[in-house]
Amino acid sequence: METAMDVSSVQRIVLRGLGFQCGRHYFLSVRQPARARAFLRSVAGRVPSASQPRGDTSVTVALTYSGLQALQLRDEYLSAFRQLAPAFVEGAATRAATHLGDTGRNESPSWQQPFLSSRTHIILSVYAETEAGCEQLVASLRKDSEESNSVSGWEAPLAAKQSGSGADRGEPFGFRDGISQPTVKRVHLDWAQRNPPSLHAEAGEFLLGHVNEEGSNRWSDDVPPPVSEFVRDGSFMALRKMRQDVAAFNELPAEVRAKMCGRWPNGALVREGERVQPAQEPTDGDANRFDFKHDPQGYGCPFASHIRRMSPRSDAVIPPRKRLLMRRGLPYAEGNEVGLLGLFVCADLERQFEFLLSSWTREVPGQQGKLVPDPLIGARDGERAVFPIPQRTGDRPDEPFGSYVTTRGTLYGFFPSLRALAAIETAT
Amino acid sequence: MRDSNSRPPDRGNRRQLTVLFCDVAGSSQLLESLNDENWSYALREYHASCQAIIANHDGHIAQYLGDGLLAYFGYPVAHEDNPHRAIRAALQILSQLDAMNARIQAAIAPCEASLRLRIAIHTGVVVVDEIGKHASADHIALGIVPTVAARLQQEARENTLVISEATHRLVSGAFECHSLGTFALKGLSSPQPAYEVIGESGLASRFDIGVAKGLTPYVGRERELDLLQSVWREAVTASGRVLLLDGDPGIGKSRLVHEFSRSLDASEHRMLVCRCSAYNRNSAYFPIIQLLHSLLGLQQNDPPLLKLDRIEQALLRAGRELTEAVPLIARLLSISCQGRYPEPHATPLQDKQHLHDLLVEWLRHDSTFKPIVMFVEDLHWVDPSSRELLERLSGAIADRRILLLLAFRSEFQLEWQHLAHVRRLSLGPLTRRAAESMVRNLRGERVLPADVVSRLISSTDGVPLFLEESTLMALAHGDNTAIPATLHDLLTARLDQLGPAKELAQTAATIGAEFSYEMLRAVSRLDATTLQSQVEQLVAAGLVRHDENASPPAYSFKHALIRDTAYQSLLSRARRASHQRIADVFSDQFPDIARNQPELIAHHCTEAGLTQRAVDLWQKAGLRSAERYELPEATRHLRKGLEVLASLPASAARQRQELELQSVLAGRLIATEGYGAADVERVYTRALELATELGDAPRRLQMMLGMESFHFMRSNFQTAHRLADACLVLARQLGDPARELVIHWVLGEIFFHQGDHALCETHLGECMNHYRRNFHRPRTLQDPAVMSWSYCSWTHWKTGYPDRALKTIGQATALAEELAHPFSMSVAYSFAAGLHLFRGELERAGRYADRAIELCTEHGFPVWLAFCTVVRGSVLSRQGVTAGLEQMEHGIKLWQSSGAVVTTPYYLVLLAEGLSTAGRPQDALDRLEEAQSLVDRTGERYYEAEISRVRGEILLEARGLRAALNDAEACFSRAIDISQRQGVRSLELRAVMSLTRLQMRSDPGVDVRSRLGAIYHWFTEGMDTADLVDARQLLAELVW
């Protein structure tokens, strides 16, 4: 059964790309629950909805489970989360080793503090074209909260910043990023110009309280009405900070790097026989409207490549499967360290985000049991691996590769609908 | 080391030799009266009997010359007392003559013939030119020496012994002799004096000729001896004394005490000797255990029940309560109580306190019968536990007739010299004059050229031992012998003279400074007879001392330098082999050592290069010491283990073992080194690294918590915070709810100190709400719920709920008492004291502080002792007792000496208040400034508002209203500002009252009532606490 969708109540970030140069994430603690709720109500007015056009700046609000507790939501609400969203309740740090593949140098006890702290209650993110814009945006919010002693923790935000602009936008390894984004049925009516059908999905894949690709709607069917009303049009998010060792990655030959990604740095799909990047840069649409039906051997885009496992399309070999994520990340640079502050949005952290991280980054699709970490995002501990590159003239010798990504932290949050945020008092 | 290697390289050496010549008087007549066969029998009997006696005295029969025989003393085996030995052998031959004759007569009866003997002895220098590897008299160029003896012999009366002048000079005093005048001897130009020996001199005490052979007349220490005696008189007549006797090795510390002891009337004092040893410096209570063994007359092989009986008897005599005392002593001596007594159930730390109490009281009790000299020798090698005990003892004898005599090397540092009854005596080198007199005494009638004497004195730096040894050597080698440059050479030479027994000396030295006969027997592989004679040889040579009264080890090297020399003379391969053998023998045949001194075997394994075994044993020793709360020993063993471990090849097993060692070490280090030690952090870091590498999550969590605690106490809140957060994640991953609780408390504690009461309460609440009784771990220090309730009570008071605070602290004390957990009780009482102080209830605060102090003292919780001492001091100072100030200062010092930084600002505010009351405003302001700079540096903000408020009050008091008005007003406003920001209503109330009073005085027109009223009326409880009562009165004054 289709549910009514109130796009105007969905935080804009969930359904629309952001497209800002700068972003900042603040990890706030509730000091006085009532005042903190008042603070959230006031912030709700500044969070743009998915029905609004893009403005000069943007704000988003996510809550952690300990945040819901600290805000003193009634147990009826909390228990619904305990029942339906165990990952969100337990937190990423607790599940890192078992559900995210974060072991060894990636393990959660060595993550940065905001990702560990049980006092991270609210993740307030601001976006603008410049850092000054972010600063300005946050100044008044911060002042209010400090005066009212409602929330604290403004001292140590994590900042992200796009390095280039326009077509030069990329992530630190040099690939054009954000090309492939899923589209949502009944929302993105122009989806066919942007995506193959495999990347077009039911709203329930991203929004709670709606039917998903499996036809179920547990947040509506399995929870009491006030709770389902509270969670409807909300989403879960995972904020994952990944350090990238660019120098080490660049030691690989350009052709191998492209094979590992599945694309050339300019976004063009890697095709059979190509040894260098095609001169013609594809448009976003061109770069996305393809499938793997014509590459059954992986002679062009290897099965183990990043894109062939992370956003599966119609494929001659690999059975169809949809575990889609909205990707809203930005690169970051802190001193000499660079990487990605990835922000992933979905309706089911276990089935979508965690499954991708624990399973798809490890296994080569369609090649039962063959374990090769995803070289681009597969954080792993030290050991070297080999990357299989199939070739028509006999397989190319497996390319040994190191580990180029280190997890610095992951945090799960809940993006409430603006409606719920404004009416948060009713949940207490 | 069983073959030629051990032969002394004495080719071509000159050495002094004593020869004995023995002949049968009137042999031709005797031959006539006996037939050939009987004569031959008699001769064999006579030779055999002489042979046995001479061998017993380490003489060597060089030749049988018909019915005469020639024996050497001093070659091939040398002794310092060769002439004595020769004489004793001769006297014994003569004394056994009758018995021998009786045997002969019985065998060849009927016969009345009897052998009559004449014996002569002479000493002179011979040249030894040994070429072959077997010692043989053939290689001696004898020169005239045997001839002189043979000639002298002819002058002797039948059945007597005659000695030459040279021999007589060497034995003067030891034997009773009478002069026979002079004789012209063939080959010698001048007539030679000769003496007939009558027997051992009555003057020769056992000491002189036995135990400490070669003790020379005591010279040059008259002043020191006087001082020692006068300190003793003080100890007996006035009050107990500690005498610290220090000096370089060989300077004569032991000798001085020996002389002192000889000067005392044995019936009027009791001498107890504790000897520390380099080998056992890591064995807890080693000298004390030795002393007890000897006092109680315990033998190693006594059955445990017998040992227990002896302990009981001794303790009964000492008037001790047996049920408490026996298990402690038995445990110290590693004797099982055989179920006769309950095992002590106190914590190791308490046991240790009780043991020290017991031993100290025992000694004090015994001193009422007879004054006691307790002599601790070689204190520089004392193990840490004995040291602690002695320190305790030194403070407890002032009212007893006890002289605690502590002898140690000058470089050793003692920190407890400030006590009134401690005296110090430093032994320096002998004066030149005393040195000369010493050489003279040693030389006797013998001649040493002046330049030799002069060289002797200058080369030995006035150290008596060196001088004595060098002089004797010079005498033994004749005047041509160069003086050895160092004592080491000299001692090496002396060892060489031991012959085969040198190897035994080396073995003994490898065992250690002390060793028992049983150990030597087990290790040396010698047959009983050989061993016996070699041991005696070592004793006779004056290298080793035999203490008949001690339980094993009954032998010790006379001086550490001798042991070192013997030990170092071993080649490293042989040394390793010897250590290995000792380790094996100790493990297999000495279960007591294996059980009670694993560190000893660990040492031998280490030296033997048995690395893995050594590491295991060091670990065992470390754990054993840790369990017995012998923390300094524990850390030493563990460190040693780590050191040895590092030489093993890298492997996962090595890492695991290192982790074990590091984590035990980490736990002990805070106690022994304090929080300030960089080592603590280093060890934790390493342990953490290892636990992480090995994927040992529980151990890792444990180390992270330890590390957190370290940083917290150092006020490194950021780091502590980061660690605590990571701990929480780990504990959740491990599914360890008890640990999770602890971490919530830990986080609460951090926020408490940062002045964030909301988050503090959140975490403490998490801890308190999920606490279960079975989370309590009696062996760990803190109980999380007691800690949480305690901190929470202060938070409640500060945030404006004085009565709720009282209820909360009540929960803390009730739980602590219910758990009967002394640490928790100490903490809860300390917080209760602090809370009552906040509430202005001084008497109750004092009572709680007293209880806390009592508990902390009894159980040894130094950190909390510091805390409650400061609170107690503040209470006293508020009650007008001036000693309160001193107590606070003492408490703060105690706290800081542990390396702890946290909480110091709070203490400093209390101290400043006390100083101000005592009329020392500038000191008070200085303390506040110190407090503020700490706050700025560390971010410890929970008492920050009070720093400003108290500062304002002191400024007003010190400078007067007019001068201080602006500053004080700023201080109070700041205090209000801080307390409002932190939401600490009780401190805000104080600050508002301060400001109100100031404004009442300075500007009566201003409306101050509404602000005070607003904060006062905010309160809903605690209306009878001091601050609120004051506020009410103040408001009343403002009514019109």
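Me: Hi! Which strand of chain A does Arg24(A) lie in?
Reply: Hello! Arg24(A) is part of strand 1, which covers residues 22-30 of chain A. Bear in mind that this is a predicted model.

Me: Got it. Is Arg24(A) buried or exposed?
Reply: Arg24(A) is buried: its relative accessible area is 12%, and the cut-off for buried is under 20%.

Me: And which side chain does Arg24(A) have a polar contact with?
Reply: That of Tyr26(A), with the two side chains joined by a polar contact of 3.0 Å.

Me: What does Arg24(A) contact once its neighbours within four places in sequence are left aside?
Reply: Quite a list! Among them are Leu124(A), Ser125(A) and Val126(A). Glu131(A), Cys134(A) and Glu135(A) are also in contact with Arg24(A), as are Pro157(A), Leu158(A) and Ala159(A).

Me: Zooming out, how many helices and strands are there in chain A?
Reply: Chain A has 17 helices and 14 strands.

Me: What percentage of the residues in chain A is buried?
Reply: Of its 428 residues, 61% are buried. As for contacts in chain A between residues at least 6 apart in sequence, 73% of them join residues at least 24 apart.

Me: Nice. On to the interface: how many residues does each of chain A and chain B bring to the contact?
Reply: Chain A brings 18 residues and chain B brings 18 residues. About 1500 Å² is buried between the two chains, and carbon and sulfur atoms give 48% of that area.

Me: Which three residues supply more than any other three of the area that chain A buries there?
Reply: Arg31(A), Pro109(A) and Arg119(A), which supply 39% of the area that chain A buries against chain B.

Me: How many salt bridges are there between chain A and chain B?
Reply: The count is three salt bridges. Arg700(B) and Glu107(A) meet in a salt bridge through their side chains, at 2.4 Å from N to O. For polar contacts, there are 13 residue pairs across the interface, with both residues at pLDDT 80 or more.

Me: Which elements of chain A each supply at least two residues of the side that touches chain B?
Reply: Strand 1, helix 6 (92-99) and helix 7 (113-116). Helix 6 of chain A gives the largest share of that side, with four residues.

Me: How do the residues on that side of chain A divide into nonpolar, polar and charged?
Reply: Seven are nonpolar, eight are polar and three are charged.

Me: Changing topic: how many disulfides are there over all chains?
Reply: The count is zero. Take Cys868(B): the nearest cysteine sulfur, that of Cys856(B), is 4.2 Å away. A disulfide needs the sulfur atoms within 2.5 Å, so Cys868(B) is in no disulfide.

Me: Is Cys868(B) buried or exposed?
Reply: Cys868(B) is buried, with a relative accessible area of 0%. Cys177(B), on the other hand, counts as partly exposed at 21% relative accessibility.

Me: Last one, Leu180(B). Where does that residue lie?
Reply: Leu180(B) is in strand 7 of chain B, residues 175-183. Leu180(B) counts as partly exposed, with a relative accessibility of 27%.

Me: And what does Leu180(B) touch, not counting residues up to four places away in sequence?
Reply: Leu180(B) touches Val162(B), Ala194(B), Tyr195(B) and Glu196(B). There is also a C-alpha separation of 7.0 Å between Leu180(B) and Pro193(B), which are 13 residues apart along the chain.

How values were computed
Residues are numbered from 1 along each chain as its sequence is written. Chains are lettered from A and ligands numbered from 1 in the order in which they are written. This is a predicted model: local features need pLDDT of at least 70, side-chain atom pairs count only at pLDDT 80 or more; totals for chains, interfaces and linings use all residues. Side-chain values use heavy atoms; hydrogens and water are left out. Buried means under 20% relative accessible area, exposed over 50%, partly exposed in between (1.4 Å probe, protein chains only). A polar contact is a pair of N or O atoms within 3.5 Å; within protein, one must be able to donate a hydrogen and the other to accept it, and residues adjacent in sequence count only if both atoms are side-chain atoms. Contact means heavy atoms within 4.5 Å. Buried area is the accessible area (1.4 Å probe) that two parts lose on being put together, summed over both. A salt bridge is a side-chain nitrogen of Lys or Arg within 4 Å of a carboxyl oxygen of Asp or Glu. Ala, Val, Leu, Ile, Met, Phe, Trp, Tyr, Cys and Pro count as nonpolar, Asp, Glu, Lys and Arg as charged, and the others, Gly among them, as polar.
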